[in-house]
Amino acid sequence: MNVRLYLWQRATAALMVPLVLVHIAVIFYATRNGMTAADILSRTHGSIMWASYYGLFVAAASIHASIGVRNVLAEWSPLTDRRAGMLAVALGLLLAALGARAVFAVVLS
Amino acid sequence: MLAELTVSLWRGGKDGRYETYHVPQRASQTVLDVVTFVQRHIDSTLSYRFACRVGVCGSCAMTVNGKPRWTCRTHVSKVAGSGHLEIGPLENLPVIKDLATDMEPFFEKWQKAQGVFAPSKTRHEEIEQIRPDSPARRAVDAAIECINCGVCYAACDTVRWNADYFGPAALTRAWTLLNDERDAGGTARLQAIAGSGGCHSCHSHQSCQELCPQALNPTAAISGLKRRTTAAYLKGEIKA
């Protein structure tokens with residue numbers, strides 16, 4: 001872990017604090033009001049606000065998780081730093097692709 | 001008080017084993033007294049390291065019942081409630097023989113962390129006036145009394161997992177120098193500790209501050225280094 005990775009991991013963590021809180025609040029709101037999937041999709045469809053919100057969330061989570069997993073691999077597996085970094089980048093890209101697909105499905109499809 | 005202690009001592013090198021000895025228990029007995037008794041009265045081939053016997057030199061640290069401790073100031077009554085002592089070499093360092101470890105990696109990392117004072121003046125210039133109550137000097141005072149015993153290094157999980165990690169003692173030394181107004185090596189030091197193996201590898205488990213015999217808090221010093229290196233990186237003074 002160097003200062004650049006440290007900064008990215010802490011910055012994305014700080015960014016996700018409000019994002020997680022709003023996300024949980026939205027889940028409570030949706031479930032307590034008995035909203036169906038169709039109700040939710042009708043509100044999110046075409047919304048630039050929700051696309052930006054969850055797009056940012058996905059980007060932050062992908063960066064944060066991949067840096068953390070890189071550290072775990074470097075410290076707890078026999079992989080070299082370079083190989084751990086390559087695997088972590090692959091994981092980050094996978095998370096970003098899966099997250100982007102979900103955001104696309106909720107907002108655009 | 002028990003009349004006799006059962007003492008398991010590590011014998012041999014990396015692939016050694018614990019051997020059991022019986023040592024008379026005495027009042028105010030230290031763990032170093034126990035080891036010395038075995039060496040002088042039972043087996044003179046036992047190897048271990050000590051010098052001052054009063055907690056100043058930092059030579060006699062060993063693993064005592066699973067935890068690294070300075071043995072000259074650790075009373076048997078404090079750590080051997082059941083009458084049994086298991087004494088091994090420090091963790092995270094190569095074993096030379098029996099209870100003596102090779103401290104070279106520990107001190108090499110001091111060098112890598114730029115733990116050497118870099119003078120900013122010559123002897124012909126006036127001596128720098130340092131106010132004892134200045135925030136920088138207070139930070140130095142809180143961290144300066146390290147005796148290089150290696151207890152924090154042996155206690156550190158991150159050192160165990162990451163062979164490149166400088167460890168708590170080297171980083172605490174770097175912290176004292178960064179806060180020394182007379183030192184001119186600040187930027188090079190920040191650069192050294194901002195890379196792989198530097199302060200950002202610390203997980204803040206705080207084993208170092210829990211076990212430091214001098215009651216120092218290396219975790220706090222490392223937190224200070226994290227803040228300083230991050231600020232320097234954002235200002236473009238150092239590179240990742």
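How many Å should the 12 residues of helix 1 of chain B span, at 1.5 Å a residue? Keep that in mind while you look around; what you have open is a predicted model.

Start with the sheet. Select the strands of chain B: 5 of them make an open sheet, ordered 2-1-5-3-4, with mixed pairing. Now color strand 2 (17-24) and strand 4 (67-70) of chain B. These two are the edges, and each has a single partner strand, so one side of each has no neighbour in the sheet. Look along the sheet and you'll see the twist, which averages 35° from one strand to the next.

Next, zoom in on strand 1 (residues 4-11) and strand 5 (residues 84-88) of chain B, which pair in the parallel sense over 4 bridges. Click V7(B): its bridge partner in strand 5 of chain B is L85(B).

Now select residues 31-42 of chain B, which is helix 1. This helix lies across strands 1, 2, 3 (61-64), 4 and 5 of chain B, and runs at about 95° to strand 2. Back to the opening question: the expected span is 16 Å, and the end C-alpha atoms of helix 1 of chain B are 16 Å apart, so the two agree.

Show side chains on V31(B), L32(B), V34(B), V35(B) and V38(B), the buried residues of helix 1 of chain B. They sit on the same side of helix 1 of chain B, because their arc around the axis is only 165°. Their packing partners are strands 1, 2, 3, 4 and 5 of chain B, plus helix 2 (76-79). Finally, spin to the other side of helix 1 of chain B, where R40(B) and H41(B) are exposed.

Note on methods. Residues numbered from 1 in each chain as written. Chains lettered and ligands numbered in written order. Predicted model: local features only at pLDDT ≥ 70, side-chain atom pairs only at ≥ 80, totals over all residues. Pairing = 2+ DSSP bridges. Axes fitted to C-alpha atoms, helices over the stretch in contact; angles between N-to-C directions. Contact = placed C-beta atoms within 7 Å. Expected span 1.5 Å × (residues − 1). Buried ≥ 20, exposed ≤ 12 C-beta atoms within 10 Å, placed from the backbone. Arc of directions from axis to C-beta.
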